[in-house]
Structures are given as C-alpha cells and as structure tokens.
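This report describes the architecture of a two-chain model, from the overall dimensions of each chain to the strands, the core and the interface. The structure is shown below.

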Amino acid sequence: MSALSIDHLDVWFGSGADRTDAVRDVSLDVAVGESFGLVGESGSGKSTILRAITGLVPTWSGRMTVADEALGRRRSRAFYRNVQMVFQDPYGSLHPRQTVDRVLSEAMHLQGVTDIDTRMDRLLDDVGLGAGFRFRFPHQLSGGQRQRVAIARALACEPQILLLDEPTSALDVSVQAEILNLLVDLRAEHGLTYVMVSHDLGIVGHLCDRIAVMNQGQLIEVLDVEAMRRLEAQTPYTRHLLESSINSIR
Amino acid sequence: MTDAPLLDVENLWVRFPTRAGVFDAVRGLSFTLGRERLGIVGESGSGKSMTGRAVLRLIRPPGLIEADRLDLHGEDIRAASEKRMRALRGGRISMIMQDPKFSLNPVMTVGQQLIEALRAHERVSRHEARKRALATLDEVAIRDPERVLGLYPHEVSGGMGQRIMIAMMLLPDPDILVADEPTSALDVSVQLQVLDIIDKLVRDRGMGLMFISHDLNLVAKFCDRIVIMYSGRIVETCRADALRHAQHPYTLGLLNSVPDLEHPRARLEVLRRDPAWREAPSVSARQ
C-alpha cells in the first residue's frame, strides 16, 4: 500500500507571461513506512512538491493521493491529522511570544486531543527535551532544541506521514547529528513514513531508503540508497551531483 | 615560513559588555597568516566569524577588540585611525561574506559597484576601471562580462553573485582575503566551482587566505593549515593533511558527526561536550 502517491503533478506560480513552472509532470509513489528523499539544487522544485502536498500552494494540477484519499483544493482535518510538516528554519517556524506549552497544546487542541496534559509530557520526552522545557519561550532555546519542539509539534497529533523540509540545514553538524538520530528513532518507534527534502546527499543517504533526483522542476531519476552509494546513477546530471558531493568531502 | 607573516595576531580578545556582564566572544587567540590557506573551523558561536571581523577591526561598538599584537604587514592596526583602516580594508585585506544577496548593493548595477570598489583605492580613470573590472570578471569565470556589468544583483544567480563579490574584493589587489563561509549559501555543484576559483586566485596571486567555515571536511580539502575553535579559543591546530590524526575529542566529534554517503553508519556520533574544553588554555597557531 502506498502512503503517498503523486501522479503527473504540475505546480506553477504566476500566470500568462509571468508563469513559472516550478514542478513539471512529476509522478512518485511512497510506500507505508518508507523513508523517501527528494534531492536537487535550489530552485529544482523539491520543496514546492512538499508545499503542494500540504496545500500551501493552490496552483497545481494532477493527482495526489494520501492514504487512499484523493486530495482536492481543500485539505480535510483528517488530512492534517495524517500528514505533518517540519520546516527548515527553527528560528522562523516557532512563534516568538508563545511558550512551548502553548505551541504544542494548540496543535493538539486543533486535532481534538483531550488528555493534553499527559500527552504533553510524553511528547517532550519523545523528542528528548523533558518536561522542564514546557514553559520556555523559543528565545530560551538553542537551535537544536527549537527544531526538537518543531518536531514535537508535528508529532502532536500522531501523524502517519512526516514531510521534512531540510530539517537540519540551519543547524551545526554536531546538532544535526542529534536531530538525525532522533528522526531515525522516532520513525522506528512510531512506524512513520518520511518524505525528506535536502540538498545534502550525505544526510539523505543516512536517513532515506529511496531517493528522487530533481532538476528544473522535473524528476530525473529515482534510485535506492545502495545504488547511490555505489554511484550507479543512470543520468549524467545525477552523476554530476553525486560526484560534486563526494568531491567536496574528500 | 621564511618571510614575515602577512598577519600576526597575539592574544586577541573580542568582548561585548552586556547587562549581565562582559561576554567574551574571542578569548586570547594567537595565530599568524602567511602566504597560505588557513582554515578556521568551529560551530556557531565559537567565535570564528568574530575573529575574521576583528582582524579587519570591523567589530561594532560597544564591542571591544583587545590584543597584545595585531599586525598587518608589520603595521600595528590596534591604534590605526579610521581613515587608515578604510584604506587598508579592501586595499590590503578584503572580506567575502556569506550571502551575496545581502552584501551586494541592490540598487546599483554590478558594473557601478565594481568600479566604485576599485576607484575607492586607486586613482584610475573610469575607462581603465571598467577595463580592469571586465578582466577580473573574466578571471572569476563569468561568461559575457560585458552583459553582467549592466545587470542588477537580483538579476544574477547566487553562485554568480558570489563570484561577482570575489571579483569586487580582488579588484584593488589585496594580499589577504578573509572568506567567511563563502559557499554555505550555494548549492553543492556551484560550491566546488566557487572554491576552485578562490583557490586558483589565491595561488596565482600568492595571497594569504583566511577561510572561515563550519564544514571541517571542506576546510580539510581546501586549506593548508586548520585551526579548530571552541567557545572563543583554539582547541587544536594541525596541517590539513594530518586532520585524520587529530587528537582532540572535539575535533573527532565534529568529524564523526557528519553523515558520509560512502561509509554509512546506523547511528551518528553525538558530541559529548566536556566543560574542561572551555577552560583549557588556547593553543597558539603562530608559526
């Protein structure tokens, strides 16, 4: 069964002469429990796909199905219970004047969770923060701790699918390692499905089973992580991407 | 190093007085820079950018710079006048910032900015300045420099913007280049290209490069010597090719926390910070 399936997706911005096609004819299928990576350079449309899935971009055509429910113009409440997103910048994605408690309880309240109090402590434990962080404001947290709160917020309504948009690119490598380990643990614990966008092939290779390479709005190639490690790319663009990524660390 | 270093720093402190007491961003740093590529690595908040800014005396008040020695070409710049500093900055020592989107003037064309940069330091005619600007753009591998001169910064891509920044910094022919995360705003495929250009120019012109980055692997590949900073001090310094033999647990922690495409591990190593690292005296990176 597929958790998420996208068929001939087009996404565009503007209209007439100003129209930019950000995503062109992309089809992909993510199985339940899979961890799927989307890589590409900036402007390749990888984040736009995530935004189209969550309904943050209204101008799209094609077919998108999440857990056998076809997506229309509007997303149902059940959809957001199923699918949650973690954004790139933990400094920008948390309200500066709301405590961790308020951020998380609002997310749970919206999904009709009743035992918010007990869930809160477990949620904070799950992301490795502990109850002591419950009444802190974002400015009292480090970047890594903020991203943990953002992950806790996404997990608040027990979703099946997490969309991760460069979740560690604003963090130091040492903190990045903590967050990546946390994501691995959470997936094993809750049986989550991940769709992760990143420009760092090392991270995608660490966390994902299958990887889709995008360039200029088009999906060029889907390969599994073993093939990627052996540098067995079919297209010259992917080969170039892999080589520059390997070269920059050698 | 046979000749005198381009830059000689001894016991550098950068302090910021705050309501809660004085915050020391850089705590007693000593290093020299010859005609070489020196990498400065550390996490955010380790003081690496502050070090880069301090050698240009670009710390804004109320921030303070203190040092036993801060020599640029043997000239003590601790007490140099602002006028003298303006001549030195750009003229002898230049800085490339992280993001070209914020360091280029959005309402001037590329050409105007390049020519202004050159004419601020040398008495040259407009015509001559334009010719040199074109030649430098060509050096940073920009195709069709004539057209690019007439463009505004929003009309160029990130990688091109960064190459324009490099061209601008190199026009007055400085001999020290401070590059503060010059490629972290760029895509991997463009990163290499920009690094190659910096590398080539630094070699060809025999400049000294201070390369500030959080990416230890990148620095190891690109530099001759590496300084590893932790909370305002140097914890370890080594030759880039000897990084694999690094001793300090912090350096090892940084190295092992990066996911590696070719050598997958089930779990990434997480850095266990030892409070003693903060208190250990700064290692000197003078040569």
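What radius of gyration would a compact globule of 287 residues have, and what is the value for chain B? A compact globule of that length would have a radius of gyration near 19 Å, and chain B has 19 Å, which agrees. The model is predicted, and every value in this report is computed from it.

**Overall dimensions**

For chain A, the radius of gyration is 18 Å, close to the 18 Å that the globule rule gives for 250 residues, so chain A is as compact as a globular protein of that length. The two chains are set side by side in the table.

| Property | Chain A | Chain B |
|---|---|---|
| Extent of C-alpha atoms along the principal axes | about 50 × 45 × 35 Å | roughly 60 × 50 × 45 Å |
| Buried residues | 43% of 250 residues | 44% of 287 residues |
| Share of contacts (separation of 6 or more) from residues 24 or more positions apart | 66% | 69% |
| Secondary structure | nine helices, 10 strands | 11 helices, 11 strands |

**The open sheet of chain A**

Chain A contains an open sheet of four strands in the order β2-β1-β4-β5, with antiparallel pairing. Strands β2 (20-31) and β5 (69-70) of chain A stand at the edges with a single partner strand each, so one side of each is left without a neighbour in the sheet. Within this sheet, strand β1 (residues 2-13) and strand β4 (residues 60-66) of chain A run antiparallel and are joined by six bridges. A:Asp7 stands opposite A:Arg63 of β4(A).

**An enclosed strand in chain B**

Strand β3 (residues 37-41) of chain B is largely enclosed by the rest of the structure, because five of its five residues are buried. Both of its faces are covered: B:Arg37, B:Gly39 and B:Val41 are buried on one side, and B:Leu38 and B:Ile40 on the other.

Parallel pairing links β3(B) to two strands of chain B. With strand β9 (residues 208-213) of chain B, β3(B) shares five bridges, and B:Val41 stands opposite B:Ser213 in β9(B). With strand β10 (residues 225-230) of chain B, β3(B) pairs over four bridges; here B:Gly39 has B:Ile226 as its bridge partner.

**The nonpolar core**

The largest nonpolar core has 153 residues, and A:Val195 and B:Phe211 are those with the most contacts inside it. Helix α7 (residues 158-170) of chain B gives the most to this core, with eight residues.

Which residues are in contact with B:Phe211, leaving aside its neighbours within four places in sequence? Among them are B:Arg37, B:Leu38, B:Gly39 and B:Ile40, which were described above as buried residues of β3(B). The remaining contacts of B:Phe211 are B:Ala179, B:Val219, B:Phe222 and B:Cys223.

**The interface between the chains**

Where the chains meet, 25 residues of chain B are in contact with 25 residues of chain A. On the side of chain B that touches chain A, α8 (188-205), α9 (216-222) and α10 (249-256) of chain B each supply at least two residues. The largest share of this side, four residues, comes from α8(B). By class, the side of chain B that touches chain A has 11 nonpolar, seven polar and seven charged residues.

Notes. Residues are numbered from 1 along each chain as its sequence is written. Chains are lettered from A and ligands numbered from 1 in the order in which they are written. This is a predicted model: local features need pLDDT of at least 70, side-chain atom pairs count only at pLDDT 80 or more; totals for chains, interfaces and linings use all residues. A nonpolar core is a set of buried Ala, Val, Leu, Ile, Met, Phe, Trp, Tyr and Cys residues joined through C-beta atoms within 7 Å. A residue is buried if 20 or more other C-beta atoms lie within 10 Å of its own, exposed if 12 or fewer, and partly exposed in between; C-beta atoms are placed from the backbone. Two residues are in contact if their C-beta atoms, placed from the backbone, lie within 7 Å. Ala, Val, Leu, Ile, Met, Phe, Trp, Tyr, Cys and Pro count as nonpolar, Asp, Glu, Lys and Arg as charged, and the others, Gly among them, as polar. Two strands pair if DSSP finds at least two bridges between them. The radius of gyration is taken over C-alpha atoms; the globule rule is 2.2 Å times the number of residues to the power 0.38.
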